[in-house]
Amino acid sequence: MKRVAILISGGGSNMVSLVDDMTGDHPCRPVLVLSNVPEAGGLAKAAARGIETQVIDHTQFPKDRVAFEAALHATLLAASPDIVCLAGFMRILSPEFMAKWDGKMLNIHPSLLPKYRGLHTHQRAIDAGDAEHGCTVHEVTAELDGGPVLGQATVAISAGDTAETLAAKVLPFEHQLYPAVLRRYAQGDRTIVRLGT
Ligand code: GRF
């Protein structure tokens with residue numbers, strides 16, 4: 001049974017999808033939900049599911065990324081996860097930190113990587129006049145949003161779409177894609193999962 005830690009910063013809808021899928025014959029079980037934001041809504045959802053939660057508040061480490069990441073790393077190590085899932089985790093982790101979790105860390109990003117790394121992905125896809133958009137689950141490497149792709153879900157961009165309506169189209173696919181990828185990744189299967197309209 002593989003131990004999974006999940007890092008969040010907000011509502012944690014992706015965390016909930018992952019946790020609720022880790023039952024029965026699933027090769028993983030959640031062992032920790034960790035947030036950098038004390039009031040993250042996802043913490044209560046994790047606690048309600050009986051999962052240990054921790055907070056490493058990045059505002060307590062002003063201008064000291066090294067100390068923040070040292071606390072993050074120590075807290076993660078204490079849970080001895082086999083896999084770490086970033087799920088709506090909004091802190092950029094240094095290459096040094098990510099190197100410590102190389103081969104064990106996944107992330108979900110709301111774009112069809114390698115397009116639109118970084119923020120405001122939905123608006124950028126609309127502004128570019130793209131016909132489609134979506135989300136990507138990838139292995140986390142030292143390169144921001146740059147690791148090997150493990151899964152993608154594609155949605156059509158409609159004429160009247162705004163960043164909000166497009167995000168709302170993509171989110172349900174995130175909730176399908178991440179659990180599907182985690183099941184395979186935990187069994188050493190890196191076959192790319194493809195979902196979408
Ligand atoms: C999602 O849009 C996801 O793509 C991004 O963070 C947003 C919020 O995720 N990574 P969640 O509801 O906190 O899981």
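**Exercise 1. Which residues are around the ligand?**

Solution. The model examined here is predicted.

Step 1. Begin with the stretch from Gly-11 to Asn-14: the residues around the ligand include Gly-11, Gly-12, Ser-13 and Asn-14.

Step 2. Continue along the chain, where Gly-88, Ile-108, Pro-110, Leu-171 and Glu-174 complete the list.

Step 3. Relate this list to the helices. Helix H1, residues 13-21, and helix H6 each supply at least two residues of the shell around the ligand.

**Exercise 2. Identify polar atoms of the protein that lie close to polar atoms of the ligand, within the 3.5 Å cut-off for a polar contact, and state how much of the ligand the protein buries.**

Solution.

Step 1. Consider the oxygen atoms of the ligand. An N or O atom in the side chain of Ser-13 is 2.6 Å from a ligand oxygen, and a polar backbone atom of Gly-12 is 2.9 Å from a ligand oxygen.

Step 2. Consider nitrogen. A nitrogen atom of the ligand has a backbone N or O atom of Ile-108 at 3.5 Å.

Step 3. Turn to the area. The ligand taken alone exposes 370 Å², of which the protein buries 77%.

Step 4. Place the ligand in the protein: the space that the ligand takes is the largest pocket.

**Exercise 3. Determine where His-175 is located and which residues His-175 touches, not counting residues up to four places away in sequence.**

Solution.

Step 1. Locate the residue. His-175 belongs to helix H6, which spans residues 163-186.

Step 2. Classify its exposure. Partly exposed residues fall between the cut-offs of 20% and 50%; His-175 has a relative accessibility of 24% and therefore counts as partly exposed.

Step 3. List its contacts. With residues up to four places away in sequence left out, His-175 touches Ser-13, Asn-14 and Ser-17.

Step 4. Examine the side chains. Those of His-175 and Ser-13 are joined by a polar contact of 2.7 Å.

Step 5. Compare sequence with space. Leu-18 is 157 residues from His-175 in sequence, yet their C-alpha atoms are 7.6 Å apart.

**Exercise 4. Is Ser-17 buried or exposed, and what does its side chain reach?**

Solution.

Step 1. Ser-17 lies in helix H1.

Step 2. The cut-off for buried is under 20%. Ser-17 is at 16% relative accessibility, so Ser-17 counts as buried.

Step 3. The side chain of Ser-17 reaches the backbone oxygen of Ser-13 at a distance of 3.0 Å.

Step 4. Apart from neighbours within four places in sequence, Ser-17 is in contact with His-175 and Pro-179.

Technical notes: Residues numbered from 1 in each chain as written. Predicted model: local features only at pLDDT ≥ 70, side-chain atom pairs only at ≥ 80, totals over all residues. Heavy atoms only, no water. Helix = DSSP H or I, 4+ residues; strand = E, 2+ residues; numbered from the N terminus. Buried < 20%, exposed > 50% of the residue type's maximum accessible area, 1.4 Å probe, protein only. Contact = heavy atoms within 4.5 Å. Polar contact = N/O pair within 3.5 Å; in protein donor to acceptor, adjacent residues only side chain to side chain. Near = heavy atom within 4 Å. Areas by Shrake-Rupley, 256 points an atom, 1.4 Å probe, with all protein chains shown as cover. 1 Å grid on protein atoms, 1.4 Å probe; cavity = no way out; pocket = protein on both sides within 12 Å on 5 of 7 lines; lining within 4 Å. Sits in = over half its atoms within 2 Å of the grid points.
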